[in-house]
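Please examine the sequence and the three-dimensional structure shown here. The explanation below is best read with both in view.

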Amino acid sequence: MFVRLDRMTRRCVRWTLALGIAAASLAGTGVRAEEQFPFDRELLLDAQPMKGSKRIPTLAVGRQGETTIDLWCNSVEGQIVVVDGIISIMTGAKTNRPCDAARLRGDDEILKALLDAKTWRREGNVVTFSGARTLRFRIPTN
């Protein structure tokens with residue numbers, strides 16, 4: 001298990017470096033602010049809470065792409081790498097909170113969709129991740 005985490009850490013560092021190089025190369029291209037990925041923000045899944053809960057999955061994305069993904073029940077730490085319209089999301093292990101089966105299934109579905117995401121786009125305060133499944137997130141305006 002420790003070897004796998006070390007490999008994942010090395011991958012995250014490489015992706016972060018690649019992201020930094022890509023960001024530096026795009027710095028002078030005149031990309032409009034509404035088209036840029038919302039680093040250092042929280043993204044809220046465009047969904048209603050599951051029955052019996054007020055929780056909605058969120059992505060808290062840091063300035064360097066480090067992220068905490070709060071799912072329907074559990075959470076996971078990860079790294080997001082964005083180059084132009086392409087996105088790559090890598091994650092570590094999920095927390096192991098006791099939840100009902102529906103929420104655990106929902107966690108797995110969202111996490112799989114995020115890991116399968118290949119592209120992203122932003123339209124105003126909506127960020128869409130696309131892959132095998134499309135997920136829409138909102139940037140809270142408050």
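The paragraphs that follow treat the overall fold, one helix, two individual residues and a group of aromatic rings.

The structure is a predicted model. Two helices and eight strands make up its secondary structure. Followed along the sequence, these elements appear in the order α-β-β-β-β-β-α-β-β-β. The protein has 142 residues, of which 34% are buried. Its exposed surface amounts to about 8,700 Å², and carbon and sulfur atoms account for 55% of that area. As for how the chain folds back on itself, consider contacts between residues at least 6 apart in sequence: 43% of them join residues at least 24 apart.

Helix α2 is a convenient place to begin. It comprises the 16 residues 101-116. At 1.5 Å a residue, α2 should span 22 Å, and the C-alpha atoms at its ends are indeed 22 Å apart, so the expected and modelled spans agree. At the start of α2, a side-chain oxygen of D100 comes to within 3.2 Å of the backbone nitrogen of A102.

Which residues of α2 are buried? They are R103, G106, D107, I110, L111, A113 and L114. Viewed down the axis of α2, the buried residues fall within an arc of 160°, and they therefore line one face of the helix. The spacing follows from helical geometry: an α-helix has 3.6 residues a turn, so residues three or four places apart point the same way.

Two of these buried helix residues, R103 and D107, also appear among the contacts of a cysteine elsewhere in the chain, C73. C73 lies in the loop between β3 (66-70) and β4 (75-83). Its relative accessibility is 3%, and because buried means under 20%, C73 counts as buried. Which residues surround C73, leaving aside neighbours within four places in sequence? C73 is in contact with R55, R97, P98, C99, R103, L104 and D107. For one of these partners, R97, the separation from C73 is 24 residues in sequence, while the C-alpha atoms of the two residues are 6.9 Å apart in space.

A second buried position is found in a strand. T58 belongs to strand β2, which covers residues 58-61. With a relative accessible area of 10%, T58 is likewise below the 20% limit and is therefore buried. Apart from residues up to four places away in sequence, T58 touches E42, L43, L44, T68, I69 and D70.

The aromatic residues complete the picture. There are four aromatic pairs in the count. One of them joins F37 and W120 in an edge-to-face arrangement, with 5.1 Å between the ring centres and 85° between the planes. This pair links distant parts of the chain, since F37 is in the loop between α1 (2-26) and β1 (41-45), whereas W120 is in strand β6 (residues 119-123), 83 residues apart. Both F37 and W120 are buried.

F37 also pairs with F129, and here the rings are stacked: their centres are 6.3 Å apart and their planes differ by 15°. F129 lies in strand β7 (residues 126-130) and F37 in the loop between α1 and β1, so the pair ties together parts that are 92 residues apart in sequence. F129 is buried, as is F37. Ring pairs join F37, F39, W120, F129 and F137 into a cluster.

Note on methods
Residues numbered from 1 in each chain as written. Predicted model: local features only at pLDDT ≥ 70, side-chain atom pairs only at ≥ 80, totals over all residues. Heavy atoms only, no water. Helix = DSSP H or I, 4+ residues; strand = E, 2+ residues; numbered from the N terminus. Expected span 1.5 Å × (residues − 1). Buried < 20%, exposed > 50% of the residue type's maximum accessible area, 1.4 Å probe, protein only. Arc of directions from axis to C-beta. Polar contact = N/O pair within 3.5 Å; in protein donor to acceptor, adjacent residues only side chain to side chain. Contact = heavy atoms within 4.5 Å. Areas by Shrake-Rupley, 256 points an atom, 1.4 Å probe, with all protein chains shown as cover. Phe/Tyr/Trp six-rings, centres within 6.5 Å; stacked < 30°, edge-to-face > 60°.
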